[in-house]
Amino acid sequence: MRIREPRTTALLFNSGKMVCTGAKSEEESRLAARKYARVVQKLGFPAKFTEFKIQNMVGSCDVKFPIRLEGLYAQHGQFSHYEPELFPGLIYRMLRPKIVLLIFVSGKVVLTGAKDRNDINAAFECIYPILKNFKKK
């Protein structure tokens, strides 16, 4: 099911649970979930809006400089996976906070797996000095 404002998509399950994706903020996600619950109620089902929980947040940014992924992989191999023949980005699994980062040569970074916005900010603050060390000359 989809709604236009906020622009999101929801998956509804037999168990009564719902997964809402596509919101740009925590507030938008909550609003969209409430709207979906209302649509389900209007269809005649006894839906209630309870147990709202954010399971996964995704953030993206551009560090504005190219990155030497081979060097990063060589020095941080225990945290990373890089096979350019299969996927163009380096997959970096940070332990604290427990976040997965997709790092691309272009300097674009995708952070995923966060439970809240602070985890994304903390992960970026951790990775940025490391990325600066692997800036292409």
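## Ala33 and helix H1

Ala33 lies in helix H1. The model is predicted. Ala33 is buried, because its relative accessible area of 3% falls under the 20% cut-off. The C-alpha atoms of Ala33 and Asn133 are separated by 42 Å. Along the chain, these two residues are 100 residues apart.

H1 covers residues 26-42. How far apart should the ends of its 17 residues be, at 1.5 Å a residue? The expected span is 24 Å. The end C-alpha atoms of H1 are 25 Å apart, which agrees.

## Two sides of H1

Which residues of H1 are buried? They are Ser29, Ala32, Ala33, Tyr36, Ala37 and Val40. These residues cover an arc of only 140° around the axis, so they sit on the same side of H1. An α-helix has 3.6 residues a turn, so residues three or four places apart point the same way.

On the other side of H1, Glu27 and Lys42 are exposed. Val39, also in H1, is partly exposed, with a relative accessible area of 32%. That value counts as partly exposed because it lies between the 20% and 50% cut-offs.

## A nonpolar surface patch

Val39 contributes to a nonpolar patch on the surface. Its other members are Met1, Leu12, Leu43 and Phe45. The patch has an area of about 470 Å². Leu12 belongs to the patch and also has a bridge partner, Met18, in strand S3.

## The sheet of three strands

Strands S1, S2 and S3 form an open sheet, in the order S1-S2-S3. The pairing is antiparallel. S1 and S3 stand at the edges, each with a single partner strand, so one side of each has no neighbour in the sheet. Strands of a sheet pair through backbone hydrogen bonds, either parallel or antiparallel.

S1 spans residues 2-3, and S2 spans residues 8-12. Their antiparallel pairing runs over 2 bridges. Ile3 has Thr8 of S2 as its bridge partner. A hairpin of 4 residues joins S1 to S2. Pro6 is found in this loop between S1 and S2. The peptide bond from Glu5 to Pro6 is cis, with omega near -10°.

S3 takes in residues 18-21, and 4 bridges join S2 to it. These two strands run antiparallel. Ala10 stands opposite Cys20 in S3. S2 and S3 also form a hairpin, with 5 residues between them. Gly16, in the turn, has a positive phi of about 100°.

## The sheet of five strands

A further open sheet has 5 strands. What is their order? It is S4-S8-S7-S6-S5, with antiparallel pairing. S4 and strand S5 (80-81) stand at the edges. Each of these has a single partner strand, so one side of each is left without a neighbour in the sheet.

S6 and S7 are joined by 5 bridges and run antiparallel. The bridge partner of Leu90 in S7 is Ile103. S6 covers 90-94 and S7 covers 99-103, with Pro97 in the loop between these strands. A cis peptide bond joins Arg96 and Pro97, with omega of about -10°.

## Backbone exceptions

Most residues other than glycine have a negative phi, and most peptide bonds are trans. Which way does phi go at Glu51, positive or negative? It is positive, at about 55°, although Glu51 is not a glycine. Glu51 lies in the loop between H1 and strand S4 (57-62). Glu51 is exposed, because its relative accessible area of 73% is over the 50% cut-off.

Lys64 also has a positive phi, of about 70°, and is not a glycine. Its place is the loop between S4 and helix H2 (69-75). Is Lys64 buried or exposed? At 71% relative accessibility, Lys64 counts as exposed.

Definitions and conventions. Residues numbered from 1 in each chain as written. Predicted model: local features only at pLDDT ≥ 70, side-chain atom pairs only at ≥ 80, totals over all residues. Heavy atoms only, no water. Pairing = 2+ DSSP bridges. Patch = residues over 30% accessible without salt bridge, like charges linked within 9 Å, V, L, I, M, F, W, Y side chains within 5 Å. Areas by Shrake-Rupley, 256 points an atom, 1.4 Å probe, with all protein chains shown as cover. Salt bridge = Lys/Arg side-chain N within 4 Å of Asp/Glu carboxyl O. Buried < 20%, exposed > 50% of the residue type's maximum accessible area, 1.4 Å probe, protein only. Expected span 1.5 Å × (residues − 1). Arc of directions from axis to C-beta.
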